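This report describes how the parts of one protein chain meet one another and how they surround a bound ligand. The sequence and structure are shown first.

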Amino acid sequence: MTTIVLDIEGTTSSTESVHVGLYAYARPRLGPYLEAHRDDPEVRAVLAEIGADGAAEAVKVLHGWMDGDVKATPLKTLQGRIWAEGFAAGELTAHFFADVPPALRAWHAAGHRLAVFSSGSVSSQRPWFGHAADGDLSVLVSGWFDTVNAGPKREPGSYERIAATLGDPSELLFLSDVPAELDAAAAAGWRTTGVRRPGEPNAAVPFGGHPIVTTFEEIHP
Ligand SMILES: CSCCC(=O)C(=O)COP(=O)(O)O
Ligand SMILES: [Mg+2]
């Protein structure tokens, strides 16, 4: 049995769906959200982590991170909370490449375990998988990891922490569109496969010695 650990943006789902769909939804809501939740301990902690002087300055920092697609944990925490509300209100939909839902269902049915490791917070991962166009994929997933509970995606230590939960690293297969993430997973003893999807930002980058696929149909765990 293999545990297949999934990156989201560029791997299960298009970068456009995250940036145009989710980022555009969060952007105008960050300021009002900070104002409305100014007494919430997690929001206060996020503001302290950003180190900005007040909500307006924090929003400038957050928008700058979004412009550069910086996967900063305070941003991901706030985005995740806003997106979770958007999904609950029926205002957001998730995108998965067409090959993904059938592959996840087949792997799960064959007895493989599925987990997610994304820079997007767990609070956004769950509704994203829960709102696939053809049904709830979250029921197939038994492990959810982000930069808070595992750590940065380009550091081997994060994959070691995940393996401490999921088990033998040689039975963990990480799928990602980012070579540096695959390098970190391999350094922690994981199996890896690079996902090079035509039209995605990393479609032409070198993947070093990692096996490469263009769709999940080519993966046989
Ligand atoms: C639905 S999860 C939100 C996606 C996101 O915010 C993100 O940064 C995805 O990055 P990934 O690590 O999955 O490439
Ligand atoms: Mg990615």
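In this predicted model, 13 residues of domain 1 are in contact with 12 residues of domain 2. The side of domain 1 that touches domain 2 comprises 2 nonpolar, 9 polar and 2 charged residues. The protein chain is divided into these two parts as follows: domain 1 covers 3–14 + 94–218, and domain 2 covers 18–88. Taken over C-alpha atoms, the centres of domain 1 and domain 2 are separated by 24 Å.

Both domains also take part in the surroundings of ligand 1, since the shell draws at least three residues from each of domain 1 and domain 2. In total, 16 residues surround ligand 1, and the closest are Ile8, Glu9, Ser118, Ser119 and Gly120. Among the helices, α1 (15–26), α5 (73–88) and α7 (122–130) each supply at least two residues of this shell. The greatest contribution comes from α7, with 3 residues.

Two of the helices that supply the shell, α1 and α5, also pack against each other, with their axes 9 Å apart and at an angle of about 100°. Angles of 65 to 115 degrees count as roughly perpendicular, and α1 and α5 are therefore roughly perpendicular to each other. On α1 the contact is made by Leu22, Tyr25 and Ala26, and on α5 by Gln79, Ile82, Trp83 and Gly86.

The table sets out residue classes for the regions described.

| Region | Nonpolar | Polar | Charged |
|---|---|---|---|
| Shell around ligand 1 | 4 residues | 7 residues | 5 residues |
| Contact of α1 with α5 | 5 residues | 2 residues | no residues |
| Side of domain 1 that touches domain 2 | 2 residues | 9 residues | 2 residues |

Notes. Residues are numbered from 1 along each chain as its sequence is written. Chains are lettered from A and ligands numbered from 1 in the order in which they are written. This is a predicted model: local features need pLDDT of at least 70, side-chain atom pairs count only at pLDDT 80 or more; totals for chains, interfaces and linings use all residues. A residue is near a molecule or strand if its C-beta atom, placed from the backbone, lies within 6 Å of it. Helices (H or I, at least four residues) and strands (E, at least two) are DSSP runs, numbered from the N terminus. Ala, Val, Leu, Ile, Met, Phe, Trp, Tyr, Cys and Pro count as nonpolar, Asp, Glu, Lys and Arg as charged, and the others, Gly among them, as polar. Domain bounds come from an automatic or database domain assignment. Axes are lines fitted to C-alpha atoms, for helices over the stretch in contact, and angles run from 0 to 180 degrees between N-to-C directions. Angles under 35 degrees count as roughly parallel, over 145 as roughly antiparallel, 65 to 115 as roughly perpendicular and the rest as oblique. Two residues are in contact if their C-beta atoms, placed from the backbone, lie within 7 Å.
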